[in-house]
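Subject: Structure for you to look over

Hello,

Here is the structure I promised, with the sequence alongside. My notes on what I found follow it.

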Amino acid sequence: MGTTTSIHMATTMAEAAHALRLMAWLSPAFPVGSFSYSHGLERAVADGHVGDFAAWLDGLMRHGTGWNDAVLVAEAWRRGRDGGDLGELAELAEAMAGSAERHLETMAQGQAFAKAVAGWTEGLALPATSPYPVVFGASAGFNDLPHEETIAAYLQAFVSNQIQAGIRLSILGQERGVTLLREMETTILDVAARAAGSTLDDLGGSAFIAEIAAMNHETQYSRLFRS
């Protein structure tokens with residue numbers, strides 16, 4: 001076996017290992033509890049704000065928490081890889097949670113993910129409590145997982161969870177959910193590519209209805225989700 005072939009095989013195996021790790025960390029079996037959160041979708045549906053679910057998702061991804069989380073994952077990845085200050089970034093990300101339930105969602109998932117991923121992150125100096133995108137991004141960077149692919153995988157999981165919430169809320173069926181997941185690939189890749197080159201100065205959003213729905217969810221009388 002030639003040297004070139006050996007290098008190619010080693011590279012292929014490393015890429016496969018990276019893909020497996022991302023799939024494991026973002027699989028429904030990973031004990032993060034994302035299925036219990038709707039990210040304000042439940043209230044938005046109840047208030048009649050989600051007429052076109054595809055447009056709603058695209059707006060979240062490009063102008064709402066999808067974009068901000070992507071920027072935070074990108075920065076956390078760099079700091080996790082290089083040993084940068086994660087405490088300051090965690091504080092910033094926590095401060096960006098605009099409601100009590102959004103705060104619960106990101107902090108509880110972050111804590112659960114940090115506990116579950118501990119076997120992969122020995123030596124990574126994570127803050128005692130960190131929002132989910134910070135813990136995820138830092139863990140991926142520490143494990144030298146590919147930057148842009150890490151962001152895209154995180155966003156794909158976010159979209160998948162929103163679609164599952166939509167199915168449970170009966171605003172779409174399984175078949176439409178699969179179609180929507182396919183249609184969102186372009187948005188996911190576009191946002192991931194932009195976030196990979198972003199800085200913290202690029203944080204910000206304008207998905208105001210989604211934010212207000214998240215604030216109002218805590219007073220909803222009958223509900224399936226924690227946010």
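Aspartate 144 counts as partly exposed, because its relative accessibility is 48%, between the 20% and 50% cut-offs. The residue sits in the loop between helix H7 (132-142) and H8. Its phi is near 60°, a positive value in a residue other than glycine. Bear in mind throughout that this is a predicted model.

Proline 146 lies in that loop between H7 and H8 too. Proline 146 is partly exposed, with a relative accessible area of 28%. Beyond four places in sequence, proline 146 touches His18 and Trp77. Alanine 19 is 127 residues away from proline 146 in sequence, yet the two C-alpha atoms are 9.1 Å apart in space.

Now the second positive phi. Histidine 39 is not a glycine either, and its phi is positive at about 60°. Histidine 39 is in the loop between helix H1 (3-25) and helix H2 (41-46). Is histidine 39 buried or exposed? It is buried, because its relative accessible area is 7%, and the cut-off for buried is under 20%.

Next, the chain as a whole. The secondary structure comes to 11 helices and 0 strands. Read from the N terminus, every element in the run is α. What radius of gyration would a compact globule of 227 residues have? The expected value is near 17 Å, and the chain has 18 Å, so the two agree. Along the principal axes, the C-alpha atoms fill a box of roughly 65 × 40 × 30 Å.

Buried residues account for 46% of the 227 residues. Take the contacts between residues at least 6 apart in sequence: 78% of them join residues at least 24 apart. The accessible surface is about 11100 Å², and carbon and sulfur atoms hold 56% of that area. On charge, there are 14 positive and 26 negative side chains. The centres of those two sets lie 5 Å apart.

How far can you trust the model? The average pLDDT is 93, and 94% of the residues score at least 70. One stretch to treat separately is residues 6-10, where pLDDT stays under 50. For that stretch the model has 2 contacts beyond four places in sequence. Residues 6-10 fall within the span given for helix H1 (3-25).

Two more buried positions are worth a look.

Threonine 106 is in helix H6 (residues 100-116). Its relative accessible area is 14%, so it is buried. Which residues does threonine 106 contact, leaving aside its neighbours within four places in sequence? They are Ala97, Ser130, Pro131, Tyr132 and Pro133. Of these, Tyr132 and Pro133 fall in the range of helix H7 (132-142).

Leucine 169 is in a loop, between helix H8 (147-168) and helix H9 (174-183). Leucine 169 is buried all the same, because its relative accessible area of 18% is under the 20% cut-off. Not counting residues up to four places away in sequence, leucine 169 touches Leu41, Glu42, Val45, Leu224 and Phe225. Among them, Leu41, Glu42 and Val45 fall in the range of helix H2 (41-46). Leucine 169 and glycine 59 are 110 residues apart in sequence, and their C-alpha atoms are 19 Å apart in space.

Two helix residues finish the list.

Phenylalanine 208 lies in helix H11 (residues 208-217). Is phenylalanine 208 buried or exposed? It is exposed, because its relative accessible area is 56%, and exposed means over 50%. Phenylalanine 208 and aspartate 58 are 150 residues apart along the chain, with 14 Å between their C-alpha atoms.

Glycine 87 is in helix H5 (residues 86-95). Glycine 87 is partly exposed, with a relative accessible area of 25%. Between glycine 87 and phenylalanine 142 there are 15 Å, C-alpha to C-alpha, for a sequence separation of 55 residues.

Best wishes

Methods:
Residues numbered from 1 in each chain as written. Predicted model: local features only at pLDDT ≥ 70, side-chain atom pairs only at ≥ 80, totals over all residues. Heavy atoms only, no water. Helix = DSSP H or I, 4+ residues; strand = E, 2+ residues; numbered from the N terminus. Rg over C-alpha atoms; globule rule 2.2 N^0.38 Å. Buried < 20%, exposed > 50% of the residue type's maximum accessible area, 1.4 Å probe, protein only. Contact = heavy atoms within 4.5 Å. Areas by Shrake-Rupley, 256 points an atom, 1.4 Å probe, with all protein chains shown as cover. Lys, Arg positive; Asp, Glu negative; His and termini not counted. Charge placed at Lys NZ, Arg CZ, Asp CG, Glu CD. pLDDT = per-residue confidence, 0-100.
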